[in-house]
Amino acid sequence: MARKFRYFNNPDASPKECASNFLEDNFVVQYRGKDIIYIIYKNVEDGDREDIWMNEHRRSYNEVIIDGLQKFRLDIDGKITFGEMRCLLHIIRRIFKHIGLDAEILVYDIKTSNHIVVSNIALESSGCCHMLANLIMAKILEKIPHISSLIDLDIYKKVQMFRIEGSTKYMQRRWKCLE
C-alpha cells in the first residue's frame, strides 16, 4: 500500500505531511499534476502495480533520488547525432572500465533530449556521481567539445528528482522511452 504526502521535506509543515520522515528503505516518487504529491512505495514493483501509472495522460512521475548509493546518470539537454551518442557512450564505458567496472548503459530518448543511466553500478553518493560526470565532461571536451554545453551537471544534489521511464513533464508530451 502506497503512502502519499504533501511535501518531501518542509520545515514549516507538520512532520506527518513530509515524506522524508518515513523513508526507511522505500522507493519514493514525486507525482506532478496540479499539485505535487510524494508517494512512498515499499519497492519499485509496488509502484509498477499502481493503476495511476497506466493512465498515459497523467503519467508525470520522478524518482526522488536521495544522497547515498545511486546509479550514475547523465542528462543531455538537447539532441545529439547517432555518431555523437556512440562516441559519448564509448567515453563512458572506457572511464568505467579504467576504474575496473563494466558499465551496462541505458539510453532514454525524450524527443528533445536524452538521459543516460548506468544500470548495474551504484556509486556511493551524489558527490561521487558528480566527480565521475566531471571526468566524462573533460573527455567530451577533448573528443566532441560542441556537445559539452548540453550536459547538465546540476543533477547531482542531495535530493534530486529524475524522470521515470514512461513519464513526461507536467503538461508536456515528451515521454521518456528506452532507445
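# Exercises on a predicted chain

The chain holds 3 helices and 10 strands. The model is a predicted one, so let's work through it with the structure at hand.

**Exercise 1. In what order do the elements follow each other from the N terminus, and what share of the residues is buried?**

*Solution.* Start at the N terminus and write a letter for each element: β-β-β-α-β-β-α-β-β-α-β-β-β. Next, turn to burial: the chain has 179 residues, and 45% of them count as buried. Then consider the surface, where about 10,600 Å² is exposed, with 51% of that area supplied by carbon and sulfur atoms. Finally, look at the contacts with a separation of 6 or more: residues 24 or more positions apart make up 63% of them.

**Exercise 2. Which elements each supply at least two residues of the largest nonpolar core?**

*Solution.* First, find the core itself. It has 33 residues, and Phe72, Leu74, Leu88, Ile92, Ile116 and Ile136 have the most contacts inside it. Second, trace where the core residues come from: strand 5 (70-76), helix 2 (82-98), strand 6 (105-109), strand 7 (114-123) and helix 3 (126-143) each give at least two. Helix 2 contributes the most, with 7 residues. Third, zoom in on Leu88. Leaving out residues up to four places away in sequence, Leu88 touches Leu74, Ile76, Ile80, Ile116, Ile136, Ile140 and Ile144. As background, nonpolar side chains in soluble globular proteins tend to be buried together.

**Exercise 3. Why do the buried residues of helix 2 line one face of the helix?**

*Solution.* Begin with the length. Helix 2 has 17 residues and spans 24 Å from its first C-alpha to its last, close to the 24 Å expected at 1.5 Å a residue. Now list the residues under 20% relative accessible area: in helix 2, Glu84, Met85, Leu88, Leu89, Ile91, Ile92, Ile95 and Phe96 are buried. Looking down the axis, you find these buried residues within an arc of 155°, so they line one face. Turn the helix around, and the face away from the buried side shows the exposed residues Phe82, Arg86, Arg94, Lys97 and His98. The cover over the buried residues includes strand 5, strand 6, strand 7 and helix 3. Past the end of helix 2, look for Gly100, which has a positive phi near 85°.

**Exercise 4. In which sense do strand 6 and strand 7 pair, parallel or antiparallel?**

*Solution.* Count the bridges: there are 5, and the pairing is antiparallel. For one example, match Tyr108 with its bridge partner His115 in strand 7. Then follow the chain between these strands: they form a hairpin with 4 residues between them, and Lys111 in the turn has a positive phi of about 60°.

Try strand 4 (residues 61-66) in the same way. Strand 2 (residues 27-32) runs antiparallel to strand 4 and is joined to it by 3 bridges, with Tyr31 partnered by Tyr61. Strand 4 also pairs with strand 9 (residues 159-163), again antiparallel, over 5 bridges. There, Ile65 stands opposite Gln160.

**Exercise 5. Is Ile36 buried, partly exposed or exposed?**

*Solution.* Locate Ile36 in strand 3 (residues 36-41). Buried means under 20% and exposed means over 50%; at 31% relative accessibility, Ile36 counts as partly exposed. Now check its surroundings. Not counting residues up to four places away in sequence, Ile36 touches Arg6, Gln30 and Tyr31. Tyr7 is 29 residues apart from Ile36 along the chain, and their C-alpha atoms are separated by 7.9 Å.

Terms used
Residues are numbered from 1 along each chain as its sequence is written. This is a predicted model: local features need pLDDT of at least 70, side-chain atom pairs count only at pLDDT 80 or more; totals for chains, interfaces and linings use all residues. Side-chain values use heavy atoms; hydrogens and water are left out. A nonpolar core is a set of buried Ala, Val, Leu, Ile, Met, Phe, Trp, Tyr and Cys residues joined through side-chain atoms within 4.5 Å. Buried means under 20% relative accessible area, exposed over 50%, partly exposed in between (1.4 Å probe, protein chains only). Contact means heavy atoms within 4.5 Å. Accessible areas come from the Shrake-Rupley method with a 1.4 Å probe; for residues, only the protein chains shown count as cover. The expected span of a helix is 1.5 Å times one less than its number of residues. The arc is that of the directions from the helix axis to the C-beta atoms. Two strands pair if DSSP finds at least two bridges between them.
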